[in-house]
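Biologist: I have a model open on my screen and would like to talk through a helix and a sheet. Could you take me through them?
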Amino acid sequence: MRPVARHHHLKLARLNGRPEVFYSIQGEGKSLGWPSIFVRTSLCNLHCVWCDTDYTWNWKGTRFPHRNDARPGYQKFDKKDWIAECRVDEVAAMVTDFPCHNVILTGGEPMIQQPALTDLMAVLREKSDRYRFEVETNGTLLPSEAFDAAIDQYNVSPKLENSGNGRKLRERPAAYRFFASSPKANFKFVVADPADLEEVLGLIDRFGIAPEKVWLMPEGSTRQTLARRRKWLVDICKDYGFRYTDRLHVQIWGSKKGV
Ligand code: SF4
């Protein structure tokens, strides 16, 4: 077993001047409604045009398009202002401050930083064996053996064409196959238009994803958009035996971050 490196550094998202570690409620997918501590890592290997955590990757000097580009005053982010480098033991201390043991590693794409996150999970489990860990991932990266052993639940959200990422970048067969066969994984597809369904069905078929592992979620970061898309998406779920998930945090807080 590799030794735990407490002084390993994690690149966390920095929001309102602080590393983004907060206590809230899981707003999407399989664990919807579960009070949870969120540890938001910075950096992502994809660049979704509708990403609502674009402050983790849409850096000044890059050319990735984002749908907010048309919004007056929208600017790309200055890396030095939006990344907080924290030691593993510092992040563990932030987590143990909250009265909760369900921890959600989110991003950005947290699996870019597997070694430091594996250490974080080990340090927290030393403090209490009640800790339970979920990771929100875009499903493009394979877990290491140590990361896989530590994680309890993979919430895999493969990106579709509507994300604006090229297919080679977003669709990684070896990783998708791993998650399709992992008993710890569930899949959440973000659907913006009924036409996206064909693509979802193609992925499910190609990678052997069982329907009971599939959640469909409307794309949208406002209550109005979710309301518009909810009805036809529920009908699709009924037709195919998939589960529907809303975005509870958008319903409660709108597009406010870090709540
Ligand atoms: S994969 Fe997730 S964090 Fe990365 S750009 Fe897409 S939505 Fe944003």
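Modeller: Gly-241, just after α8, takes a positive phi of about 75 degrees. This is a predicted model, in which local features need pLDDT of at least 70, side-chain atom pairs count only at pLDDT 80 or more, and totals for chains, interfaces and linings use all residues. Residues are numbered from 1 along each chain as its sequence is written, and side-chain values use heavy atoms, with hydrogens and water left out.

Biologist: How many residues does α8 have, and where is its kink centred?
Modeller: Helix α8 covers residues 223–240, which makes 18 residues, and helices here are DSSP runs of H or I with at least four residues, while strands are runs of E with at least two, numbered from the N terminus. The kink is about 40 degrees and is centred on Arg-230, the bend being the angle between axes fitted to the seven residues ending there and the seven starting there.

Biologist: Which residues of α8 are buried?
Modeller: They are Thr-225, Leu-226, Arg-229, Leu-233, Ile-236 and Cys-237, where buried means under 20% relative accessible area, with a 1.4 Å probe and protein chains only.

Biologist: Switching to the sheet, what is the strand order?
Modeller: The order is β2-β1-β5 in an open, antiparallel sheet of three strands, and two strands pair if DSSP finds at least two bridges between them. Because β2 (18–19) and β5 (83–87) stand at the edges with a single partner strand each, one side of each is left without a neighbour in the sheet.

Biologist: And which residue is the bridge partner of Arg-14 in β2?
Modeller: That partner is Pro-19, and β1 (residues 9–15) pairs with β2 over two bridges.

Methods
The expected span of a helix is 1.5 Å times one less than its number of residues. Buried means under 20% relative accessible area, exposed over 50%, partly exposed in between (1.4 Å probe, protein chains only).
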